[in-house]
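Here is a small set of exercises to work through with the model open in your viewer. Try each task before you read its solution.

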Amino acid sequence: MVPRTTGQWLKMKTDILKVILLVLMLMGITVILVPKLRAQPDMCSPSEKEETRITGDEKSITPIKHTKHFMVSAFIDHRFKNTIRVISIMKRDSLQPLYCICCTDNICQTAEAEVQIHSDHFGFAFGASDVLCKVEDIQNAAHVAVSTTANISDVHNMDFLPIKNRVEHETFRFNFTVCVSSLFGAYNNVLQFAQTMEMYKLLGVQHVVIYNTSCGPDLEKLLQHYRREGILEVVPWPIDQFLTPSTGWDSKRHSGELQYYGQLVTLNECIYRNMYQSRYVLLNDMDEIIMPKKHANLSLLMETLQPKHRNVGVFIIENQIFPKTVFEETGLFKRPEWKNIPGVNILEHIYKEPDTTKMFNPAKMIVDPRSVVQTSVHHPLQTLEDIYRVPVNVCYVVHVRVARLRGLTKDQLLVDKRVWDFEKELVTKVNQALKSSGFLNVSDCNF
């Protein structure tokens, strides 16, 4: 019988819903019918304005109520059946049963949460973690909360995260994305930041993501320039408002509750954030440049590497340290217009430390994000594909920083002028960025 009246249509929908609920209950899944959360017109596909209202003012860290833990962001993980992955920060000695509350339009499912604390936590009290939620109606899932109880009486008082990566794209907006784990401590290295950004643009990077705890006022102006330009995405990362982060990676030498301003958390978050946006993701710090040695750009590099290593999803790139206290003698790139710009001039540093097998090499990575499940800083923790260590004569990290091998004289260092291959375009682009940011006048620049 075909329903002909509104009442008949409502009765039919109610009967269908009863059958669905019965099936879910027989499967052991708790389902709760609730009014639309916060009077949302459509929780399954909220507008950007509505989504911001649900989740707060673009919060990147959300405490899990009645725990010592935090949620960061939530993603559908299409590689695992019916799985929502909530990037989290867990207090390692305070684990307790947790539940996922996953909501569509006006139906919320609850399920026991599986908590996975990443194996690399470096001894700190809090560690990067994943909360895995297994839900049946995953394609309609729009928001998720993590709770200490499955007996929900009022979902309106819960903090929900929007669920991202709801669509598994096969084409990507970007070819290369750089993930920078964090800026903190009033970081104000303007010149090196501009040089790194412009160098990456010359190498073919289209997207840079930075997690910002704090930076200096000069760098803030430069960040605004690159945001206007469209290449830079700045994610607020106020971790110091919730925990006491360390300023280093080793809990024995650096006090704090969480490793290096949550570096492990943000690197993992950035991989999932860009999983269906970018073909490749580069994981490195802002004073590092992943530099092809034999290729003009990153695209040509990967077009050579990937076909030779079809099952590889993680390419390890070794670090080469250029001490920032050792300068090129001629002063060729001691440019007068940069005299009052705060920061390091990478063009002045062409001397690098020799390779040594006696010390750990803090390598960085180029990854296919869809092959990575969990990562640490210098190597992945869990992958779905193989790992390949790229020879230094093919690609390496240009890292201008304090010396690691102390006491070496200049003649014990190696000369590497690879950055100079880009000097003409690099200087022009850096000056244009500094001018647009208000650091230089037209008369200062010799474009």
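## Exercise 1: Disulfides

Cys 179 and Cys 270 are joined by a disulfide, with an S to S distance of 2.0 Å. This is a predicted model, in which local features need pLDDT of at least 70 and side-chain atom pairs count only at pLDDT 80 or more, while totals for chains, interfaces and linings use all residues. Residues are numbered from 1 along each chain as its sequence is written, and side-chain values use heavy atoms, with hydrogens and water left out.

**Task.** Describe the link of Cys 179 and Cys 270: which handedness does the disulfide have, and where do the two cysteines lie?

**Solution.**

Step 1. Start with the criterion: a disulfide is a pair of cysteine sulfur atoms within 2.5 Å.

Step 2. Take the torsion about the S-S bond of Cys 179 and Cys 270, which is about -80°, so this disulfide is left-handed.

Step 3. Place the ends. Cys 179 belongs to strand 11 (residues 174-183) and Cys 270 to helix 5 (residues 263-273), so the pair links distant parts of the chain, 91 residues apart. Helices (H or I, at least four residues) and strands (E, at least two) are DSSP runs, numbered from the N terminus.

Step 4. Check the accessibility. Buried means under 20% relative accessible area, exposed over 50%, and partly exposed in between (1.4 Å probe, protein chains only). Cys 179 is buried because its relative accessible area is 1%, and Cys 270 is buried because its value is 0%.

## Exercise 2: The full set of disulfides

**Task.** How many disulfides does a search of the whole structure find, and what is the pairing of the bonded cysteines in sequence order?

**Solution.**

Step 1. The search of the whole structure gives three disulfides.

Step 2. One of them joins Cys 100 to Cys 133, with S to S 2.0 Å. The angle about this S-S bond is -75°, and the link of Cys 100 and Cys 133 is left-handed. Cys 100 sits in strand 5 (residues 99-103) and Cys 133 in strand 8 (residues 126-134), so the pair ties together parts that are 33 residues apart in sequence. Cys 100 and Cys 133 are both buried.

Step 3. Another joins Cys 103 to Cys 108, again with S to S 2.0 Å. The torsion about the S-S bond of Cys 103 and Cys 108 is about 100°, so that disulfide is right-handed. Cys 103 is buried at 1% relative accessible area, and Cys 108 counts as buried at 1% relative accessibility.

Step 4. Number the bonded cysteines of the protein chain in sequence order, and the pairing reads 1-4, 2-3, 5-6.

## Exercise 3: Aromatic pairs

**Task.** How many aromatic pairs does a search of the whole structure find, and why is the pair of Phe 70 and Phe 126 classed as it is?

**Solution.**

Step 1. Choose the two descriptors: a pair of aromatic rings is described by the distance of the centres and the angle of the planes.

Step 2. Apply the cut-offs. Rings of Phe, Tyr and Trp (its six-membered ring) pair if their centres lie within 6.5 Å; planes under 30 degrees apart count as stacked, over 60 as edge-to-face and the rest as tilted.

Step 3. The whole structure holds 11 aromatic pairs. In one of them, the ring centres of Phe 70 and Phe 126 are 6.3 Å apart and the planes are at 50°, so the pair is tilted.

Step 4. Phe 70 lies in strand 3 (residues 70-76) and Phe 126 in strand 8, and this pair links distant parts of the chain, 56 residues apart. Both Phe 70 and Phe 126 are buried.

Step 5. Now take Phe 193 and Tyr 226, a tilted pair with 6.3 Å centre to centre and 45° between the planes. Phe 193 lies in helix 3 and Tyr 226 in helix 4 (residues 217-229), so this pair ties together parts that are 33 residues apart in sequence. Phe 193 and Tyr 226 are buried.

Step 6. Finish with the cluster: ring pairs link Phe 70, Phe 126 and Phe 242.

## Exercise 4: A residue of helix 5

**Task.** Which residues is Thr 266 in contact with, leaving aside its neighbours within four places in sequence?

**Solution.**

Step 1. Locate Thr 266 in helix 5, where it is buried with a relative accessible area of 1%.

Step 2. Count contacts, meaning heavy atoms within 4.5 Å. With those neighbours left aside, Thr 266 is in contact with Ser 181, Tyr 211 and Trp 237.
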